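Got the model open? Let's walk through it with some questions and answers.

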Amino acid sequence: MNHKPNMIRNYIKIAWRNIKKHTGFSLINAGGLTLGIASCLLLLLYVSYHLSFDHQFKNLNNVYLIENNQPGDGKIYTFAATPRLLSTSIKNEVPGVVQTARVISYSADGLITYNNNSFKKTGLFAEPGFFGMFSYHFIEGSAANALTQPNSIIITKTLAQTLFGSQEPMGKTITRNNKLPLLVSGVIDDVLPTSTFQFEFVIPWTIFEDENPWAKNADWGSNFARTLVQLKDPSYLTSANNNLKTMISRHSDGNKNQVFLFPFSDLHLRSTFENGKSVGGLIDQMHIFEILALCILLIACVNFMNLSTARSEERAKEVGIRKAIGSSRKSLISQFITESLILSFVSTIVAVILLVLSIPFFNNLLNIKLSLPIGEWYAWAIVVGLAVLTGLISGSYPAFYLSSFQPIKVLKGMFKGGKSALPIRKILVVVQFAFAVFLITATICIYRQIRFIQNRSNGYDKNNLVEIPIEGTLDKKSDVFINELKSSGAITSATGVSLSITQTGNNTWGVEWPGKQPNQKILFDIFHTGYEFTEATGVKLIEGREFSKQYPIDTTNNTAMINETAAKLMNLKHPVGTVIKWGDKPMTIVGVYKDFVRGSPYEKIPPMLTSFVGGYVVALDLRLNPAKSIADDIDQINKTLKEINPAYPPTIHFVDSEFEKKFESEKLQATLANLFGGLAIIISCLGLFGLAAYAAEQRTKEIGVRKVLGASVSNLAGLLSKDFLVLVTIAIVIAVPASIYFLNKWLNHYEYRAPLSWWIMALAGIITIAIALLTVSYQAVKAALANPVKSLRSE
């Protein structure tokens with residue numbers, strides 16, 4: 001007869017009885033495990049979100065993006081922009097290539113109109129091969145026929161519903177930007193948030209060339225397209241890259257650029273390059289979050305171990321009696337492991353409920369779209385596996401420790417529980433709080449770094465400055481628009497720019513100046529602007545003048561302004577009046593302006609060359625009138641935009657808000673460190689609270705005697721708190737050097753960084769001691785205030 005099911009049932013029954021008997025400790029244990037498991041699952045869900053990018057596509061392992069290595073300034077710059085001619089050359093010259101496709105997203109967005117209903121939507125220019133490489137699901141139409149017609153458009157399911165409702169979308173004609181008729185030739189499922197390419201419609205590459213005639217004649221020196229390549233299989237990668245290494249130099253004498261195939265599957269996580277090679281990227285953050293998830297879970301398990309071993313004296317008689325009547329050590333271990341597994345599974349169920357409730361908050365906080373894969377078997381396998389692992393880890397040490405008691409010593413009263421486990425408990429408490437100190441230090445350091453860069457001068461006045469994108473008829477009526485706003489008093493000045501003042505992207509190696517060394521190769525940022533540039537943006541003019549209607553020569557692009565970094569680099573005593581060359585075009589420097597931040601605020605400002613914007617206006621920068629309220633100024637701008645450009649919904653960007661987006665990555669790190677650091681501290685404090693409660697309970701008679709002999713409440717509270725504060729102090733001593741090492745390593749990624757000051761460590765230590773003291777002192781004061789008569793009357 002098989003007694004195993006009865007034995008397991010008996011284990012569960014006894015385990016549940018013990019859990020109910022010690023409700024307080026069970027709740028503390030379950031609470032710690034619940035927070036630990038919920039935090040671990042949330043972090044793992046966040047990591048899996050990023051690891052899953054683009055993995056919905058079937059051919060992903062055979063798809064590559066062309067990256068471009070460009071030498072200069074003593075290093076190699078890597079970027080994804082390539083010449084238009086590269087795509088065809090790869091198809092013709094590289095063995096193993098199935099297809100190629102050129103893609104551009106930065107100018108495809110537009111106003112999509114059907115039956116007088118208009119919507120601003122995100123788009124993509126692409127060649128037909130795009131849908132051959134990426135297995136988007138076609139609801140209507142097919143990948144084989146997509147983008148083959150010159151004026152066709154592929155739209156997403158949501159855009160189809162927005163435009164046509166329940167009508168059949170195929171064959172319908174819509175317009176883009178009120179001028180280009182497009183025939184709907186396909187409808188695909190909505191693009192997943194875990195896709196690199198985000199769009200609501202795709203139109204043929206030929207439309208980009210029609211809208212930008214210069215692109216049709218662009219040579220090998222003009223990099224503006226993203227080129228995608230599909231190989232037959234990855235075995236062709238090495239030979240293909242060997243071929244590509246010299247492709248540009250073969251077609252363009254003197255051009256030293258080298259292109260190579262970079263796996264598209266690595267693009268989201270490993271897109272940071274140094275000297276031409278991938279050195280990581282977002283994957284480094286993912287590894288940190290994986291470690292954080294494991295550490296938080298271990299802290300929760302440590303709590304369980306500490307509290308279980310601290311209560312060993314209570315369990316000693318049970319162990320002694322059961323061993324005396326014949327229970328084996330193996331059955332006792334099974335009993336204690338069963339208890340921890342029950343608590344672990346209960347905690348996991350509550351943790352999953354907490355996870356479901358917290359996902360909307362987390363999505364809103366981080367501006368992402370996490371979702372729990374409830375319908376996937378592997379998700380539940382991970383949850384169950386995590387529950388079992390947590391139960392085994394947290395219950396293993398207490399089970400082996402408790403089952404090792406000798407029945408003779410226990411039943412004769414010679415056993416004093418908890419003493420032998422005390423050193424290990426102390427070590428575990430130290431580890432917990434060392435980790436908490438590190439997370440507090442990291443949070444302070446990250447926030448300080450963000451504040452340091454935010455306080456660094458950006459070189460222009462971003463307050464009361466707004467940007468209006470050039471759309472529709474505003475292109476031809478920008479002067480009328482500006483004059484009307486000035487007349488109404490809504491703005492004081494305005495200028496046209498070739499790219500947002502908060503963005504960078506156009507640069508050149510082709511700037512020459514008197515005294516330049518023959519082998520000197522410097523990358524210049526290119527920024528085109530109009531009249532009133534300094535007045536509108538607040539950029540300071542150091543020397544000379546800016547572009548002005550008083551000087552018609554400015555509109556011929558024979559004059560230029562440079563920033564102070566360029567002036568220092570050129571080493572010109574009197575830069576104003578100096579003739580330089582951009583390519584083959586001579587230009588006279590008419591002004592030098594103070595450096596301002598366009599790209600990353602964490603990096604050095606590059607040399608910058610500015611010519612008159614002419615027909616390259618992409619946006620208007622408007623300086624709001626400070627004499628009026630911002631609301632009144634914006635209302636007037638909206639009203640004027642509707643009058644001049646009625647087909648387009650008004651779009652107004654506040655430059656200060658756009659500039660803040662540059663700090664999103666660091667703010668995300670700070671938010672996660674803050675959130676999960678706080679949870680780690682709460683979990684640690686739960687354990688400390690339980691240990692303090694048990695320590696107070698064990699010393700009840702001692703406290704009673706001391707109180708009768710005249711000890712004060714503060715003396716007794718200090719007596720009980722001292723041991724724990726010593727452990728927290730040791731944790732701080734261990735955490736400080738580790739924090740200095742790892743945070744200095746993190747700060748070294750930035751050109752401009754806040755120093756890692758001693759007071760950050762001191763503050764983290766003080767915060768940790770204060771939290772620990774509050775946690776322990778409650779139990780200590782409670783014990784000290786207890787009536788000594790109650791604890792001594794049995795003596």
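Q: Where is the place of N645?
A: One thing to keep in mind from here on is that this is a predicted model. Look past helix α19, which covers residues 630-644, and before strand β27. N645 has its place in the loop between α19 and β27.

Q: Is N645 buried or exposed?
A: Buried means under 20% relative accessible area. N645 has a relative accessibility of 4%, so this residue counts as buried.

Q: Which residues does N645 touch, not counting residues up to four places away in sequence?
A: Leave out the residues up to four places away in sequence. What remains for N645 is E471, G472, T473 and L474.

Q: What is the order of the strands in the open sheet of four strands?
A: The pairing in this open sheet is antiparallel. Its edge strands are β17 (491-497) and β27 (653-654), and each of them pairs on one side only. Put together, the order is β17-β26-β16-β27.

Q: Which residue in β26 is the bridge partner of V466?
A: Strand β16 (residues 465-469) and strand β26 (residues 619-624) run antiparallel, and five bridges join them. In β26, the residue paired with V466 is L622.

Q: Which residue in β24 is the bridge partner of K581?
A: Strand β23 (residues 579-582) pairs with strand β19 (residues 511-512) over two bridges, in the antiparallel sense. There, K581 in β23 stands opposite E512. β23 also pairs with strand β24 (residues 585-593), antiparallel again, over four bridges. In β24, the partner of K581 is P586.

Q: What is the phi of G583 in the turn of the hairpin?
A: β23 and β24 make up a hairpin, with two residues between them. G583 sits in that turn, and its phi is positive, at about 70°.

Q: What is the phi of N464, which is not a glycine?
A: Most residues other than glycine have a negative phi. N464 is found in the loop between α15 (422-455) and β16, and it is partly exposed, with a relative accessible area of 30%. Its phi goes the positive way although it is not a glycine, at about 60°.

Q: Is N571 buried or exposed?
A: N571 is found in the loop between α18 (564-570) and β23. Its phi is near 55°, a positive value in a residue other than glycine. Exposed means over 50% relative accessible area. N571 has 68%, so it is exposed.

Q: Why do the buried residues of α8 line one face of the helix?
A: In helix α8 (residues 237-244), the buried residues are A240, N241, N243 and L244. What covers them includes β1 (63-72), α3 (86-93), α9 (247-251) and β13 (258-263). Seen down the axis of α8, the buried residues line one face because they fall within an arc of 160°.

Q: How many residues apart in sequence are the parts that E211 and R176 tie together?
A: The side chains of E211 and R176 meet in a salt bridge, at 2.5 Å from N to O. E211 lies in helix α6 (residues 205-211) and R176 in strand β9 (residues 173-176), so the pair ties together parts that are 35 residues apart in sequence.

Q: Is R176 buried or exposed?
A: Its partner E211 is partly exposed, at 32% relative accessibility. R176 has a relative accessible area of 2%, so it is buried.

Q: How many residues apart in sequence are the parts that D525 and R598 tie together?
A: D525 and R598 meet through their side chains in a salt bridge, at 3.4 Å from N to O. D525 lies in strand β20 (residues 524-526) and R598 in the loop between β24 and β25 (608-610), so the parts they tie together are 73 residues apart in sequence.

Q: Which helix gives the largest share of the nonpolar patch?
A: F345, V384, V388 and L392 form this patch on the surface, with about 290 Å² of accessible area together. F345 has its place in helix α12 (residues 329-366). The largest share, three residues, comes from helix α13.

Conventions. Residues are numbered from 1 along each chain as its sequence is written. This is a predicted model: local features need pLDDT of at least 70, side-chain atom pairs count only at pLDDT 80 or more; totals for chains, interfaces and linings use all residues. Side-chain values use heavy atoms; hydrogens and water are left out. Patches are made of residues with over 30% relative accessible area and no salt bridge: like charges are joined within 9 Å, nonpolar side chains (Val, Leu, Ile, Met, Phe, Trp, Tyr) within 5 Å. Accessible areas come from the Shrake-Rupley method with a 1.4 Å probe; for residues, only the protein chains shown count as cover. A salt bridge is a side-chain nitrogen of Lys or Arg within 4 Å of a carboxyl oxygen of Asp or Glu. Buried means under 20% relative accessible area, exposed over 50%, partly exposed in between (1.4 Å probe, protein chains only). The arc is that of the directions from the helix axis to the C-beta atoms. Contact means heavy atoms within 4.5 Å. Two strands pair if DSSP finds at least two bridges between them.
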